[in-house]
Amino acid sequence: MKLATFKRGGRINFGAIVGDRAIDLGGLHPDLVSLLAGGEAAMDAARQAVALADLSYAVSEIEWLPPVPRPGKVIGVGLNYRSHLALLDEPVPEFPVLFTKPTTSLVGSGHAIVLPPVTSQVDYEGELAVVIGTRGKYIAESDALAHVGGYTCANDVSAHDIEFRTSQWTSGKMLDTFCPMGPVIATADEVPDPGCLHLRTTLNDELVQDESTSDMYFPVPKLISYISSLCTLEPGDVILTGTPAGLGCMRRPQLFLRPGDRVAVAIDRIGVLTSPVAAER
């Protein structure tokens, strides 16, 4: 299934997206995270509700919200694509390079990336995001995918001039609206192998990133296992798995986001996340 959180008529709903209809599943669970945490029994009930389609809306009537509006954790991974590492002439990290993004950075598809006056070097970073469905600590790699609720598209927007002020990247990653996510979560059964998805990022319809997730140095099971050795992963937690080559900062001349731009991150089996770019008022 494709699941989403959305707003309609001032009310926040969640449900399944089937074609051009959003099917309300709010009668089953209070929110999307609790549905994911309910496991296969909850998914079976959701599929039955979708088949009945008692309450649905036109997708054109809804406002997309981040699929998980307030995750407990958003954990980013840096330097995780071989193509990106090759351009940077960086050695392969011994361990995954981790950082966090606050929930105030999250926005849904169609909502603007807002450029504040404190930065002039804002870059796109298209990524596959993993949404945890089952709680776990010290998860074995062989069991890792069983803890996944689903996958979505993300853009780890980064202010490089702030990011590299210090040895820690988080200050350039944490700005408001700097983590567009969505529009939907493709449930784990729809993505049997997250290591063979095609990711494409476009800026104003120009292709700027084009890579397979097979290029990840630390694949999804390894990331889940490693992160769970440091902290408990809970339903709704999000892992941003890294970005491939093609960033604006690596181009000559450099290509940073400007008001009026439009960024789209497309991933096979999931969908397309779109983000206009606007100046902060």
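Visitor: Is Phe6 buried or exposed, and what is its relative accessible area?

Guide: This is a predicted model. Phe6 has a relative accessible area of 0% and is therefore buried, since buried means under 20%.

Visitor: Which aromatic residue pairs with Phe6, and how are the two rings arranged?

Guide: A search of the whole structure finds 4 aromatic pairs. In one of them, the partner of Phe6 is Tyr57; the ring centres are 6.1 Å apart and the planes stand at 75°, so the pair is edge-to-face. For that reading, the angle between planes must be over 60 degrees.

Visitor: Where in the chain do Phe6 and Tyr57 lie?

Guide: Phe6 belongs to strand 1 and Tyr57 to strand 4 (residues 56–58), so far as the assignment goes 51 residues apart; the pair links distant parts of the chain. Tyr57 is also buried, with a relative accessible area of 8%.

Visitor: How should the strands between these two residues be read, beginning with the pairing of strand 1 and strand 2?

Guide: Strands of a sheet pair through backbone hydrogen bonds, either parallel or antiparallel. Here, strand 1 and strand 2 (residues 11–18) run antiparallel and are joined by 6 bridges. Within this pairing, Leu3 has Ala16 of strand 2 as its bridge partner. The two strands form a hairpin with 2 residues between them, and Gly9 in the turn has a positive phi of about 60°.

Visitor: What joins strand 2 to strand 3, and which glycine lies in the turn?

Guide: Strand 2 and strand 3 form another hairpin with 2 residues between them, where Gly19 in the turn has a positive phi of about 60°. Their pairing is antiparallel, over 4 bridges, and strand 3 covers residues 21–24. Val18 has Arg21 as its bridge partner, and Ala16 stands opposite Ile23.

Visitor: In which sense do strand 3 and strand 4 pair?

Guide: Strand 3 and strand 4 pair in the antiparallel sense over 3 bridges. Tyr57 appears again at this point, as the bridge partner of Ala22.

Visitor: In what order do the strands of the open sheet of 5 strands stand?

Guide: The order is 9-19-18-15-16, with mixed pairing. Strand 9 (113–115) and strand 16 (206–212) are the edges; each has a single partner strand, so one side of each lacks a neighbour in the sheet. Neighbouring strands are turned by 15° against each other on average, direction ignored. At one edge, strand 9 pairs with strand 19 (residues 271–279) in the parallel sense over 3 bridges, and Leu115 stands opposite Ala279.

Visitor: Which residues touch the most other members of the largest nonpolar core?

Guide: A nonpolar core joins buried residues through side-chain atoms within 4.5 Å. The largest one has 36 residues, and Leu128, Ile224, Ile239, Ile267 and Ile270 touch the most other members. Among the elements giving two or more residues to this core are strand 1 (2–8), strand 11 (126–132) and helix 5 (220–228). Helix 5 supplies the largest share, 4 residues.

Visitor: With which residues is Ile239 in contact, leaving aside its neighbours within four places in sequence?

Guide: The contacts of Ile239 beyond those neighbours include Ile75, Val77, Leu128, Ile224 and Leu233. A second, separate core has 24 residues, including Met1, Ala42, Val68 and Ala129.

Visitor: Which residue lies over the face of Tyr138?

Guide: Lys137 lies over that face, at 4.7 Å from the ring centre of Tyr138.

How values were computed. Residues numbered from 1 in each chain as written. Predicted model: local features only at pLDDT ≥ 70, side-chain atom pairs only at ≥ 80, totals over all residues. Heavy atoms only, no water. Pairing = 2+ DSSP bridges. Axes fitted to C-alpha atoms, helices over the stretch in contact; angles between N-to-C directions. Buried < 20%, exposed > 50% of the residue type's maximum accessible area, 1.4 Å probe, protein only. Contact = heavy atoms within 4.5 Å. Phe/Tyr/Trp six-rings, centres within 6.5 Å; stacked < 30°, edge-to-face > 60°. Lys NZ or Arg CZ within 6 Å of the ring centre and 35° of its normal.
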